Amino acid sequence: MRILTGIQPSGTLHIGNYFGAMKPAIELQARGEAYYFIADYHSMTSLTDAAQRRKNTLDVALDFLACGLDPKRSVFWRQSDIPEVCELMWILGTLTPMGLLERAHSYKDKTAKGISPNFGLFAYPVLMAADILLYDANLVPVGKDQRQHLEMTRDIAIKFNQSYGESSLVVPEAEIREEVATVPGLDGQKMSKSYGNTIDLFGDEKATKKKIMGIVMDSRTPAEPKPDAEKNLAIQLLKLVAPAEVSADFENRLRAGGMGYGDLKKALFEHYWNHFAEARARRAELSNNLDYVNQVLKDGAERARATASGVIARARKACGLA
Ligand code: TYM
């Protein structure tokens, strides 16, 4: 089984990225051949600063490696090191109905927010389909916000196979873990860079503490019992970073009444900080060894290319190209 996922270097990674996609991806390394990449072409739809893209790309590499991506087991590369993906995008684009792309939630959300749409933003799901299909991926671990993109990928692969040959492209499945499908941000909406509601994966200690202590809860007094304790935002986040018995204990105390929100938020910060302590130390080590990190990406690109060139040759042949 081949497992594949990608992350955009469009800003600082947050715990929504981690629990929604990176952690499942890291765990899945044990179950098959893992192909993980940094989606720098995709980041061009929202970021036009070259130096920033270079920095973010390196940061995503450090983050992913620090969290447990094992380059001995997994292929890890920069999307733009394999420009064949753009060729496959063209091929797939000729089979992608305009209506399918017009219905894309992420495109509609972004244009509704006033982002002036360009061709790249519109074609984003076709590039994503190419990312997945170029490597014969079977399973794609992602957060729920990518579900529609995965459905489009499947539709496009099926269309290609119907048009050019039954088994030319592998039709992938999404893996979306229910308990972390949408990690909430500090304001209760989906955690997202563009909402400014994130807890960064490797955030600064003081700034993150301030953010967490600033979470706005409700106006009930500490003494009041809270029968809806499981809906409390700090409880939901605590469940991700603390051992199950610890979060259950806080949830029970909140339900019974008598516990202040300050104590809960303090516990949330402490568990967040400890949860990532080991990875933080590994990240510090890696950032002193950038030659190693660059070598990992270079080796990954070579291995990714070996797979990609086979698939692109098969696709070209199937559709009668030179
Ligand atoms: P991106 O870079 O926005 O996010 C990376 C991954 O993090 C997940 N995620 C979340 N999961 C749960 N709760 C949240 N609040 C949350 N926020 C983000 C995303 O679902 C994603 O899995 N288009 C992709 C990148 C991409 C890709 C691919 C992914 C490009 N090509 C091929 C898989 C396969 C994206 O923008 O993710």
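This note covers the pockets, the cavity, helix 3 and a few single residues of the structure above.

1. Basis. The model is predicted: local features need pLDDT of at least 70, side-chain atom pairs count only at pLDDT 80 or more, and totals for chains, interfaces and linings use all residues. Residues are numbered from 1 along each chain as its sequence is written, and side-chain values use heavy atoms, with hydrogens and water left out.

2. Largest pocket. Its volume is about 1,300 Å³. A pocket here is an open set of points on a 1 Å grid over the protein atoms alone, with protein on both sides within 12 Å along at least five of seven lines; lining residues have an atom within 4 Å of a point. Points are joined across faces, edges and corners, and the volume is the space filled by probe spheres set on them. The lining has 46 residues; Gln8, Lys110, Asp145, Gln146 and Lys190 lie nearest the centre. Strand 1 (2–7), helix 1 (15–28), helix 6 (105–112), helix 7 (119–133) and helix 8 (147–164) each give two or more lining residues. Helices (H or I, at least four residues) and strands (E, at least two) are DSSP runs, numbered from the N terminus.

3. Lining chemistry. The largest pocket is lined by 16 nonpolar, 20 polar and 10 charged residues. The classes: Ala, Val, Leu, Ile, Met, Phe, Trp, Tyr, Cys and Pro are nonpolar; Asp, Glu, Lys and Arg are charged; the others, Gly among them, are polar.

4. Second largest pocket. It holds about 190 Å³. Nine of its lining residues are nonpolar, three are polar and none is charged. Among them are Trp90, Phe119 and Phe122. Helix 4 (84–93), helix 5 (98–102) and helix 7 each supply at least two.

5. Cavity. A cavity is a set of grid points where a 1.4 Å probe fits but cannot get out. One reaches 30 Å³ or more; the largest has about 40 Å³ of space. Ser106, Tyr107, Lys110, Leu121, Tyr124, Pro125 and His149 line this cavity. Helix 6 and helix 7 each provide at least two of these residues. By class, four are nonpolar, two polar and one charged.

6. Helix 3. This helix runs over residues 50–67 and spans 26 Å from first to last C-alpha, close to the 26 Å expected at 1.5 Å a residue. The expected span is 1.5 Å times one less than the number of residues. Aspartate 49 caps the N-terminal end, with a side-chain oxygen 3.1 Å from the backbone nitrogen of alanine 51. Glycine 68 follows the helix, with a positive phi near 125°.

7. Aspartate 63. This residue lies in helix 3. It is buried, at 5% relative accessible area. Buried means under 20%, exposed over 50%, partly exposed in between (1.4 Å probe, protein chains only). Its side chain makes a polar contact with the side chain of arginine 283 at 2.5 Å. Such a contact is a pair of N or O atoms within 3.5 Å; within protein, one must be able to donate a hydrogen and the other to accept it, and residues adjacent in sequence count only if both atoms are side-chain atoms.

8. Cysteines. There are zero disulfides, a disulfide being a pair of cysteine sulfur atoms within 2.5 Å. The sulfur of cysteine 86 is 16 Å from the closest cysteine sulfur, in cysteine 319, too far for a bond. Cysteine 86 is partly exposed at 33%; cysteine 67 is buried at 11%.

9. Aspartate 136. Its phi is positive, about 50°, although it is not a glycine. It sits in the loop between helix 7 and strand 4 (139–141). Aspartate 136 is buried, at 16% relative accessible area.
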